[in-house]
Amino acid sequence: MARTKKKRPEKSFAHDRIVELETAITEVRNGRKTSPRTARLLAAGLPRMAQKLAEEATEVVIEAVRGERSAVINESADLIYNLVVLWSELGITTPEVWAEMDRRKALLGMAEKLPKEVGVGSTSSAGP
């Protein structure tokens, strides 16, 4: 009987890729790796990092509305990169984010966006 190789769960693969990115950004931050674009973004500081994250999120939305699947994929990769750079600046680690996802899953049965409390961090009482 031939053995079949067990397929890795997608969550594990996604986690590994984000941790790999997180490690690469830390190496640039600590001068152990060269990446001019990442180094410039790190040097620019938190406001620029937040701006780049917002720009990439907007580009994902625009391409999605246009129905440009491949562009959404490309912009999503940029979005994830900029999100992990921002996490790095704030000292946020991937396990912390996954722990929050696990907490939400335990509360809601799946890792979804928590409902907004009326008047807490929300400008609208309608919608998800």
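Helices are DSSP runs of H or I with at least four residues, numbered from the N terminus. The legends below use these numbers for a predicted model.

**Figure 1. Lysine 52 in helix α3.**
Lysine 52 belongs to helix α3. Its relative accessible area is 22%, and because buried means under 20% and exposed means over 50%, lysine 52 counts as partly exposed. Setting aside neighbours within four places in sequence, the contacts of lysine 52 are Leu41 and Asn82. Leucine 79 lies 27 residues from lysine 52 along the chain, and the C-alpha atoms of the two are 8.4 Å apart.

**Figure 2. The largest pocket and its lining.**
The space in this pocket amounts to about 320 Å³. Three elements each give two or more residues to the lining: α2 (36–44), α3 (46–66) and α4 (69–90). The most comes from α4, which supplies five residues. Lysine 52 is one of the lining residues, and Leu41 and Asn82 are also among them. Others on the list include Leu21, Arg37, Arg40, Arg48, Glu56 and Tyr81. Sorted by class, the lining holds six charged, five nonpolar and one polar residue.

**Figure 3. The largest nonpolar core.**
This core consists of 13 residues. Those with the most contacts inside the core are Ile18, Ile25, Leu41, Leu42, Met49, Val84 and Val85. At least two core residues come from each of α1 (10–29), α2, α3 and α4. The helix that gives the most to the core is α4, with five residues. Leu41 appears in this list of core residues and also in the lining of the largest pocket.

**Figure 4. Contacts of valine 85.**
Which residues does valine 85 touch, leaving aside neighbours within four places in sequence? They are Ile25, Arg29, Leu41, Leu42 and Met49. Of these, Ile25, Leu41, Leu42 and Met49 are named, along with Val85, as core residues with the most contacts inside the core.

**Figure 5. Confidence along the chain.**
The mean pLDDT of the chain is 85, and 80% of the residues score at least 70. Confidence is highest in α3, at a mean of 98, and lowest in α1, at 86. Over residues 118–128, pLDDT stays under 50. For this stretch the model has three contacts beyond four places in sequence. Where pLDDT is low, predicted coordinates should not be read in detail.

Methods: Residues are numbered from 1 along each chain as its sequence is written. This is a predicted model: local features need pLDDT of at least 70, side-chain atom pairs count only at pLDDT 80 or more; totals for chains, interfaces and linings use all residues. Side-chain values use heavy atoms; hydrogens and water are left out. On a 1 Å grid over the protein atoms alone, a cavity is a set of points where a 1.4 Å probe fits but cannot get out, and a pocket is an open set with protein on both sides within 12 Å along at least five of seven lines; lining residues have an atom within 4 Å of a point. Grid points are joined across faces, edges and corners, and a volume is the space filled by probe spheres set on the points. Ala, Val, Leu, Ile, Met, Phe, Trp, Tyr, Cys and Pro count as nonpolar, Asp, Glu, Lys and Arg as charged, and the others, Gly among them, as polar. A nonpolar core is a set of buried Ala, Val, Leu, Ile, Met, Phe, Trp, Tyr and Cys residues joined through side-chain atoms within 4.5 Å. Buried means under 20% relative accessible area, exposed over 50%, partly exposed in between (1.4 Å probe, protein chains only). Contact means heavy atoms within 4.5 Å. pLDDT is the predictor's confidence in each residue, from 0 to 100.
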